[in-house]
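I opened this notebook to record, entry by entry, what I looked up in the structure. I go from helix packing to cores, sheets and a few single residues.

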Amino acid sequence: MMLEQTNYKALRRDLDPDRVRLNVPLAPYTTFRIGGPADLFFEAMSTDDVVRAVLHARAHGVPHFLLGLGANILVGDHGFRGLVIRNRTSRIDVFPEAHRIRAESGVIMYPDLIEAGVGHRLSGLEHYVGIPSTVGGALWQNLHFLSPPPERERTMLIEEFVHEADLLTEEGLVKSVGVDYFEFGYDESILHRRQDIVLRVTFQLEPADTARMREVMESNLAWRSEHHPPLDTEPSVGSIFKKVKGLGAGRLIDACGLRGKRIGGAEVSPRHANIIINRSNATAADVRALIAHVQGAVVRETGYQLEPEISFVGEF
Ligand SMILES: Cc1cc2nc3c(=O)[nH]c(=O)nc-3n(C[C@H](O)[C@H](O)[C@H](O)COP(=O)(O)OP(=O)(O)OC[C@H]3O[C@@H](n4cnc5c(N)ncnc54)[C@H](O)[C@@H]3O)c2cc1C
């Protein structure tokens, strides 16, 4: 404990004592609105801030976590022992002739990045309208959504639009990599297995008609509001469990009659069985208990073992 305190002090001194806050509740920085405090909390406003924060934390042996919009994580009720770096980098550069857009990893997909694309008649990213995500979070999980109407027959993964990215690698080097580096899969990338940090991403887009892009956006937003609980009144992190091939986790949960099942303040969304909502002051313990309850019921009644797709961060 003493060593940790000493390391915290040295890290604050080296990073910036005025900008490293102590004991900051994380719930407001997640879309679930759940989670205890971070011992240390730093808002990175530039790529240089991100690099410095990560390198100083590594040098002082302080555990650290890079936070985007907190839309795919459950933070424990006892919070995070170490430094949370909230990525607020926001620079976007458009290269119209090459049909490319480069964005810092803290750029918010919607509206910021998607509107930049549409504004320059560059198509691709508009498919992800309405999904809460930073650019870094989108690469971590290989952001996905259904292809445009009327087909909606295939899943469009963000890897289709990634040209290259700048990383701060696990080894502490800043380098550019192509799309293959990420070993993307469904809900999967190399970022799950290596401590690399995405700093900037260049997207390769297609010239397109603005009206068609707006149509796709409207249709996707309508689909989302019909199928998903509204985030402002029913906080969530989107789908909780990984896809079950050919079946869908939601259908299995439905088959067990679990829509509306509640533990404490956490509830299986009555609108979408694979989403858990924070109905009223849910704790992380409530959500974990509900996840375990759903897994137990589904394996007993259908034989399928559901696996969470979200990350669990900090102490529970
Ligand atoms: C209402 C709702 C609907 C959703 N719908 C969809 C959907 O349709 N499709 C879909 O794919 N997802 C969906 N999601 C899930 C979520 O939006 C995505 O997973 C999103 O990409 C998370 O981004 P984030 O910035 O919030 O990442 P966070 O949750 O903040 O972080 C997630 C992980 O990424 C890591 N990370 C973040 N930035 C970086 C970086 N720069 N470098 C390295 N690692 C980094 C974090 O450390 C963490 O491990 C939905 C979520 C919600 C709440």
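**Entry 1, two helices.** I asked how α3 and α5 lie relative to each other, and in this predicted model the angle between helix α3 (residues 109–119) and helix α5 (residues 210–227) comes to about 155 degrees, with the axes 10 Å apart. Because angles over 145 degrees count as roughly antiparallel, I noted α3 and α5 as roughly antiparallel to each other. On the α3 side I listed Y110, I114, E115 and V118 as the residues making the contact, and on the α5 side T210, M213, R214, M217 and L221. Sorted by kind, the residues of this contact are six nonpolar, one polar and two charged.

**Entry 2, the peptide bond at P111.** Staying with α3, I found that P111 belongs to this helix, and that the bond joining Y110 and P111 is a cis peptide bond, with omega at about 10 degrees.

**Entry 3, the cores.** Which residues have the most contacts inside the largest nonpolar core? I wrote down M109, L113, L125, Y128, F182 and F203, in a core that has 34 residues. I then traced where the core residues come from, and found that β7 (100–104), α3, α4 (135–141), β11 (162–168), β13 (197–204) and α5 each supply at least two of them. The largest share, four residues, comes from α3. A second core, of 26 residues, lies apart from this one, and F32, I34, L258 and I276 are among its members. As background I added that nonpolar side chains tend to be buried together in soluble globular proteins.

**Entry 4, around F182.** I picked F182 out of the core and, setting aside residues up to four places away in sequence, found that F182 touches L139, A165, L167, V177, S189, I190, L191 and V198.

**Entry 5, the hairpin of β11 and β12.** Two of the residues touched by F182, A165 and V177, turned up again here, since V177 in β12 is the bridge partner of A165. Strand β12 (residues 174–178) runs antiparallel to β11, and five bridges join them. Between the two strands of this hairpin there are five residues, and G172 takes a positive phi near 90 degrees.

**Entry 6, a four-stranded sheet.** I asked in what order the strands of the open sheet come, and read β1-β2-β5-β3, with mixed pairing. The edges are taken by β1 (20–25) and β3 (64–67), each of which has a single partner strand, so one side of each is left without a neighbour in the sheet. With direction ignored, neighbouring strands here are turned by 35 degrees against each other on average. Inside the sheet, strand β2 (residues 37–44) and strand β5 (residues 80–87) are paired in the parallel sense over six bridges, and E43 stands opposite R86 in β5. Helix α2 (residues 47–59) packs on the sheet and touches β2, β3 and β5, its direction making about 145 degrees with that of β2.

**Entry 7, R86.** Is R86, which sits in strand β5, buried or exposed? It counts as partly exposed, with 21% relative accessibility. Neighbours within four places in sequence aside, R86 is in contact with Y29, F41, F42, E43, A44 and L67. For the pair R86 and Y29, I noted a separation of 57 residues in sequence and of 8.6 Å in space, C-alpha to C-alpha.

**Entry 8, three residues in loops.** R121, in the loop between α3 and β8 (122–123), has a positive phi of about 55 degrees although it is not a glycine. D187, in the loop between β12 and β13, is also not a glycine, and has a positive phi near 55 degrees. In accessibility I recorded R121 as exposed at 55%, whereas D187 is buried at 5%. I ended with H272, in the loop between β16 (266–268) and β17 (276–278), which is buried with a relative accessible area of 19%. Leaving out neighbours within four places in sequence, H272 is in contact with H227, H228, P229 and R259.

How values were computed:
Residues are numbered from 1 along each chain as its sequence is written. This is a predicted model: local features need pLDDT of at least 70, side-chain atom pairs count only at pLDDT 80 or more; totals for chains, interfaces and linings use all residues. Side-chain values use heavy atoms; hydrogens and water are left out. Axes are lines fitted to C-alpha atoms, for helices over the stretch in contact, and angles run from 0 to 180 degrees between N-to-C directions. Angles under 35 degrees count as roughly parallel, over 145 as roughly antiparallel, 65 to 115 as roughly perpendicular and the rest as oblique. Contact means heavy atoms within 4.5 Å. Ala, Val, Leu, Ile, Met, Phe, Trp, Tyr, Cys and Pro count as nonpolar, Asp, Glu, Lys and Arg as charged, and the others, Gly among them, as polar. A nonpolar core is a set of buried Ala, Val, Leu, Ile, Met, Phe, Trp, Tyr and Cys residues joined through side-chain atoms within 4.5 Å. Buried means under 20% relative accessible area, exposed over 50%, partly exposed in between (1.4 Å probe, protein chains only). Two strands pair if DSSP finds at least two bridges between them.
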